[in-house]
Amino acid sequence: QVRLVEFGGGLVQPGGSLRLSCAAFGHISSIDDAAWYRQSPGKQRELVAIISSEGISNYADSVKGRFTISRDNARNTMFLQMNSLKPEDTAVYYCNAFALTKIPDIRSAWYWGKGTQVTVSA
């Protein structure tokens, strides 16, 4: 049993900020690499930010300088701080993480959250 659950989406004005959280639940020993993706209607899902187990992060050019990905390994939780939001940031945001499991019955693999809606509109 491994589940990722996103929190923090909502409606925000252009120029505003939101902080997304992703909590991993289940028989998890640790989280390796973790990432945030987003998908708008009619568009492909795109990588927004990724953070390695070493704490090294990379960002899509469209969000560089505005978004920050971070993690709390002790709590198996990932975050995405979004500042200076633009209407084009409107999308469903998905958490994606490689979970290392405690028991062999549960596979260590990439898992997805179900997503949280972020809408940026005046």
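# A tour of the strands, the disulfide and the salt bridges

Start by selecting strands S3 and S8: they pair in the antiparallel sense, over six bridges. Keep in mind as you click around that this is a predicted model. Strands like these pair through backbone hydrogen bonds, and the pairing can be either parallel or antiparallel. For one spot along this pair, pick Arg19, which stands opposite Gln81 in S8.

**Widen the view to the sheet**

Now add S1 and S7 to your selection. You have an open sheet of four strands, in the order S1-S3-S8-S7, with antiparallel pairing. Which strands stand at the edges? They are S1 (2-7) and S7 (67-72), and each has a single partner strand, so one side of each is left without a neighbour in the sheet. Turn the view a little and look at the angle between neighbours: on average, neighbouring strands of this sheet are turned by 15° against each other, direction ignored.

**Follow the hairpin**

Next, hide everything but S7 and S8. Six bridges join S7 to S8 (residues 77-82), and the two run antiparallel. Click on Thr68 and then find its bridge partner in S8, which is Gln81. Go on to Ile69, which stands opposite Leu80 in S8. Between the two strands lie four residues, and together S7 and S8 form a hairpin. Stop in the turn at Asn76, where phi is positive, about 50°.

Is S8 largely enclosed or left open by the rest of the structure? Five of its six residues are buried, so S8 is largely enclosed. One general thing to look for while you have strands on screen: in a regular strand, the side chains alternate between the two faces of the sheet.

**Step into the core**

Select Leu80 again, this time with its surroundings. Leaving aside neighbours within four places in sequence, Leu80 is in contact with ten residues you can light up one by one: Leu18, Arg19, Leu20, Trp36, Val48, Ala49, Phe67, Thr68, Ile69 and Tyr93. Leu80 also belongs to the largest nonpolar core, which has 32 residues. Which residues have the most contacts inside that core? They are Trp36, Leu80, Met82 and Tyr93. Colour S9 as well, since S9 gives the most to this core, with five residues.

**Find the disulfide**

Show the sulfur atoms of Cys22 and Cys95. These two form a disulfide, with their sulfur atoms 2.1 Å apart. The pair links distant parts of the chain: Cys22 sits in S3 (residues 18-26) and Cys95 in S9 (residues 91-101), 73 residues apart. A search of the whole structure finds one disulfide, so don't spend time hunting for another. The torsion about the S-S bond is about -85°, so this disulfide is left-handed. Are the two cysteines buried or exposed? Cys22 is buried, with a relative accessible area of 0%, and Cys95 is buried too, also at 0%.

**Hop between salt bridges**

Switch to the charged side chains. In general, side chains of opposite charge can pair when their charged atoms come close. How many salt bridges are there here? The count comes to five.

- Select Glu46 and Arg38, whose side chains meet in a salt bridge (2.7 Å, N to O). Glu46 is partly exposed at 33% relative accessibility, while Arg38 is buried at 5%.
- Move on to Asp61 and Lys64, with a salt bridge of 3.1 Å, N to O. Both of these residues are exposed.
- Then try Asp72 with Arg75, where the closest N and O atoms are 2.9 Å apart. Asp72 counts as partly exposed at 22%, and Arg75 as exposed at 60%.

Before you leave the charges, select Arg38, Glu46, Arg66 and Asp89 together: salt bridges that share partners join them into one network.

**Last stop: Ile106**

Finally, jump from Asp72 to Ile106. The two are 34 residues apart in sequence and 22 Å apart in space, C-alpha to C-alpha. You'll find Ile106 in the loop between S9 and strand S10 (109-112). Is Ile106 buried or exposed? At 19% relative accessibility, Ile106 counts as buried, because the cut-off for buried is under 20%. To finish, light up what Ile106 is in contact with, leaving aside neighbours within four places in sequence: Gln1, Val2, Thr101 and Tyr111.

Terms used
Residues numbered from 1 in each chain as written. Predicted model: local features only at pLDDT ≥ 70, side-chain atom pairs only at ≥ 80, totals over all residues. Heavy atoms only, no water. Disulfide = S-S within 2.5 Å. Buried < 20%, exposed > 50% of the residue type's maximum accessible area, 1.4 Å probe, protein only. Pairing = 2+ DSSP bridges. Axes fitted to C-alpha atoms, helices over the stretch in contact; angles between N-to-C directions. Salt bridge = Lys/Arg side-chain N within 4 Å of Asp/Glu carboxyl O. Core = buried A, V, L, I, M, F, W, Y, C linked by side-chain atoms within 4.5 Å. Contact = heavy atoms within 4.5 Å.
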